Amino acid sequence: MTADTPLYDDPAFFTAYQRMRAAGSGLNEELEQPALRRLLPAVADLDVLDLGCGDGTQARWLATAAARSVLGVDPSARMLELARRHKNPLVRYVCATAEELSLPDASLDLVVSSLALHYVPDLPALMTRIAGWLRPAGHLVYSVEHPVCTAQHPMTGWPNEHDRTAWPITAYGYESSRSQRWFNTTVTKYHYKLSTHISALTAAGLTLVALDEPQPTPAAVTRQPDLTQHLIRPPLLVVAARKPTT
Ligand SMILES: C[S@@+](CC[C@H](N)C(=O)[O-])C[C@H]1O[C@@H](n2cnc3c(N)ncnc32)[C@H](O)[C@@H]1O
């Protein structure tokens, strides 16, 4: 993989990631998607952007839920190749990062993003651009890895401290890129404090509507025992915000 190759275009990483999603770790199915969908507005007749759309599963779901149009954006050509296998006249795809994307002002009713914005190096700048793309009363709903997870620097996982599994947050206040080994690849993510997520929204002129830190239910833990680790600290942050009507 060269420095310019999008992470999800690295063949070995892509294959390992697809295998993980096909196996269903439970994080997406049991926690992230239900939490995100609880915070979505009714999507009928909305013009929607799915930022970091991956293989297009959510973009297609939005079209099925009667969105007027869905634009799926992702920097990975491999991901978009999977997405484009499913033809849907309401959905189109663009290969770009969130940072590169350029859209007309006031052209969208809903921006949704699933587990992609922790790859964005300047979240406050992106929030300002998203606020510009939204029409009055438009919605933003997104999920990211929780700031207590990205706090670790580097993100090496769970250490054992005093015979107890622990999750260190000693670098929580230090906002910067984070490196993590994932599927034998060094992955770069960005850590933002919870307060930065909120202040980025409000500085962009958006109003916070809801915050969720979903954790597994007892039934989910029974189905997927690996989810027990997420009872110690929340793995995800889900945020809903809205642009004022005027
Ligand atoms: C964990 S996957 C999630 C994919 C999809 N949203 C889902 O939930 O199945 C993260 C996605 O974010 C994309 N991504 C990475 N960096 C990005 C960036 N800077 N802007 C937009 N998307 C990005 C990746 O290519 C990948 O498809």
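The following dialogue reads selected features of a predicted model.

Trainee: How many helices and strands does the chain have?

Mentor: The chain of this predicted model has eight helices and 11 strands.

Trainee: What do its overall dimensions say about the fold, and why does the radius of gyration agree with that of a compact globule?

Mentor: A compact globule of 246 residues would have a radius of gyration near 18 Å, and the chain has 18 Å, so the two agree. Along the principal axes, the C-alpha trace spans about 55 × 40 × 40 Å.

Trainee: In what order do the strands of the open sheet lie?

Mentor: As a general idea, strands of a sheet pair through backbone hydrogen bonds, either parallel or antiparallel. Here, an open sheet of seven strands follows the order E3-E2-E1-E4-E5-E11-E10, and its pairing is mixed. Strands E3 (91-95) and E10 (207-212) are at the edges; each has a single partner strand, so one side of each lacks a neighbour in the sheet. On average, neighbouring strands of this sheet are turned by 15° against each other, direction ignored.

Trainee: Which helix packs on this sheet, and which strands does it touch?

Mentor: Helix H5 packs there, touching strand E4 (108-114) and strand E5 (134-145). The direction of H5 makes about 145° with that of E5.

Trainee: How many bridges join strand E1 to strand E2, and do they run parallel or antiparallel?

Mentor: E1 (residues 47-51) and E2 (residues 69-74) run parallel and are joined by five bridges. Within this pair, Val48 has Val70 of E2 as its bridge partner. An antiparallel case is given by E8 (residues 177-182) and E9 (residues 185-190), which pair over six bridges. There, Arg178 has Lys189 of E9 as its bridge partner. Two residues lie between the strands of the E8 and E9 hairpin, where Phe183 takes a positive phi near 50°.

Trainee: At what angle do helices H5 and H7 pack?

Mentor: Two packed helices are described by the angle between their axes and the distance between the axes. For H5 (residues 123-133) and H7 (residues 194-203), the angle is about 35° and the axes are 8 Å apart. The crossing of H5 past H7 is right-handed. Leu123, Pro124 and Met127 of H5 make the contact with Thr196, Ala200, Leu201 and Ala203 of H7. By class, this contact of H5 with H7 has six nonpolar residues, one polar and no charged ones.

Trainee: Which backbone details in the loops should be inspected?

Mentor: One is the cis peptide bond between His153 and Pro154, with omega about -5°. Pro154 belongs to the loop between helix H6 (147-150) and strand E6 (160-161). Another is Ala106, a residue other than glycine whose phi is positive, near 50°. Ala106 lies in the loop between E3 and E4.

Trainee: How many residues surround the ligand, and which are the closest?

Mentor: The ligand is surrounded by 20 residues, of which Gly52, Gly54, Ser114, Ala116 and Tyr119 are the closest. By class, this shell has 11 nonpolar, seven polar and two charged residues.

Terms used. Residues are numbered from 1 along each chain as its sequence is written. This is a predicted model: local features need pLDDT of at least 70, side-chain atom pairs count only at pLDDT 80 or more; totals for chains, interfaces and linings use all residues. A residue is near a molecule or strand if its C-beta atom, placed from the backbone, lies within 6 Å of it. Ala, Val, Leu, Ile, Met, Phe, Trp, Tyr, Cys and Pro count as nonpolar, Asp, Glu, Lys and Arg as charged, and the others, Gly among them, as polar. Axes are lines fitted to C-alpha atoms, for helices over the stretch in contact, and angles run from 0 to 180 degrees between N-to-C directions. Helices (H or I, at least four residues) and strands (E, at least two) are DSSP runs, numbered from the N terminus. A crossing is left-handed if the near helix is turned anticlockwise from the far one by less than a right angle, and right-handed if clockwise. Two residues are in contact if their C-beta atoms, placed from the backbone, lie within 7 Å. Two strands pair if DSSP finds at least two bridges between them. The radius of gyration is taken over C-alpha atoms; the globule rule is 2.2 Å times the number of residues to the power 0.38.
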